[in-house]
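Open the model in your viewer and keep the sequence panel beside it. The tour below goes from the whole chain to its parts, one selection at a time.

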Amino acid sequence: MSSRRRILLALVPAALVLLALAGCGGGDGATSAAVATKTVTKTVTAPAATRTTATGASTTAPPPNPSAPLSLHAAEQVLDAHGYAPLGERDWRPDQPLKVLLGISRASSPRAEQAFFFVGDTFIGTDTKDPSGQLAVASQGGDSVTLSYGLFRPSDAIDGPSGGTAEVTYTWNGARLVPQGPIPTASPGAPLSRR
């Protein structure tokens, strides 16, 4: 808001008070009308830095501090806020700069899994925009995590992918999460998909 507009907004209540007092003066028996004023305050927040996840989605967050600690409980709360429950705790490495916690959707049918990534104590995004049918952590260390996607043929049941697996390594480059290879398609009609 410009300073000129702020000054004008501040002068309006003062002018109304002066008018009310002027109407109250004089001994002619005039009655004064009650004047009510309302102050409107608008808060404008400057946007934080914009970050892009591996899926290409933009997120707004302060820059992560890779050495900031993050408890498993705090990470689980992030999953919960997104409608996911943790698949387990065995992949959680609190001592690494890039951390991952796999989750399964509470509301989705068929089965839907996603990898939630954190740098230090900051949630930076998921592996993909759309969930996968079967997901596992193949390896991890420092600034990289390799995920293994179960590959489904169109006729496969959600609990039995018969197309093997595809591994994709995700690396934190200091600004964003970058997949180091192609992510399998999520299209159930494809010959092999992560659905």
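Contact, in what follows, means heavy atoms within 4.5 Å of each other. With that in mind, select helix α2 and look at what covers its buried residues: β3, β4 and β5 are among the elements there. The model is a predicted one.

**The whole chain**

Now zoom out and colour by secondary structure. The protein chain has two helices and ten strands. Following the sequence from its start, the order of elements is α-β-β-α-β-β-β-β-β-β-β-β. Colour by burial next: 31% of the 195 residues of the protein chain count as buried. The protein chain exposes about 11,300 Å², of which carbon and sulfur atoms supply 56%. Among contacts between residues at least 6 apart in sequence, 43% join residues at least 24 apart.

**The sheet from β3 to β6**

Select β3, β4, β5 and β6. These strands make an open sheet of four, in the order β3-β4-β5-β6, and the pairing is antiparallel. Its edge strands are β3 and β6 (122-126), each of which pairs on one side only. From one strand to the next, the twist averages 40°.

Keep β5 and β6 and hide the rest of the sheet. The two strands pair in the antiparallel sense over four bridges. Pick V119 to see one facing position: V119 stands opposite T122 in β6.

Bring the sheet back and add α2 (residues 72-81). The helix packs on the sheet and touches β3, β4, β5 and β6. The direction of α2 makes about 45° with that of β4.

**Helix α2 by itself**

Which residues of α2 are buried? They are L72, A75 and L79. Turn the view to look down the axis of α2: the buried residues fall within an arc of 65°, so they line one face of the helix. On the face turned away from the buried side, select H73 and A81, which are exposed. Then step just past α2 to G83, which takes a positive phi of about 85°.

**Y84 and its surroundings**

Select Y84, which lies in strand β3. Is Y84 buried or exposed? Y84 has a relative accessible area of 8%, and because buried means under 20%, Y84 is buried.

Show the residues around Y84. Leaving aside neighbours within four places in sequence, Y84 is in contact with L79, G103, I104, S105, R106, A112, E113, Q114, F116 and P131. One of these, L79, is also one of the buried residues of α2. For another, I104, turn on the C-alpha atoms: those of Y84 and I104 are separated by 5.2 Å, although the two residues are 20 apart along the chain.

**The aromatic pairs**

Show the aromatic side chains. The structure holds five aromatic pairs. In Y84 and F116, the ring centres are 5.2 Å apart and the planes stand at 65°, so this pair is edge-to-face. Y84 is in strand β3 (residues 84-86) and F116 in strand β5 (residues 113-119), so the pair ties together parts that are 32 residues apart in sequence. F116 counts as buried, at 1% relative accessibility.

Move on to W92 and F118. Their ring centres are 5.9 Å apart and their planes are at 80°, so this pair is edge-to-face too. It links distant parts of the chain: W92 sits in the loop between β3 and β4 (98-105), F118 in strand β5, and 26 residues separate them. Both W92 and F118 are buried.

To see how these rings belong together, select Y84, W92, F116, F118 and F123 at once: they form one aromatic cluster.

**The sheet from β7 to β10**

For the last stop, hide the selections so far and show β7, β8, β9 and β10. They form an open sheet of four strands in the order β7-β8-β9-β10, with antiparallel pairing. Here β7 (135-141) and β10 (177-179) are the edge strands, and each pairs on one side only. Neighbouring strands of this sheet are turned by 25° against each other on average, direction ignored.

How many bridges join β7 to β8? There are six between β7 and strand β8 (residues 144-150), and the two run antiparallel. Select S139 to finish: the residue opposite S139 is T146 in β8.

Notes
Residues numbered from 1 in each chain as written. Predicted model: local features only at pLDDT ≥ 70, side-chain atom pairs only at ≥ 80, totals over all residues. Heavy atoms only, no water. Phe/Tyr/Trp six-rings, centres within 6.5 Å; stacked < 30°, edge-to-face > 60°. Buried < 20%, exposed > 50% of the residue type's maximum accessible area, 1.4 Å probe, protein only. Areas by Shrake-Rupley, 256 points an atom, 1.4 Å probe, with all protein chains shown as cover. Pairing = 2+ DSSP bridges. Axes fitted to C-alpha atoms, helices over the stretch in contact; angles between N-to-C directions. Arc of directions from axis to C-beta.
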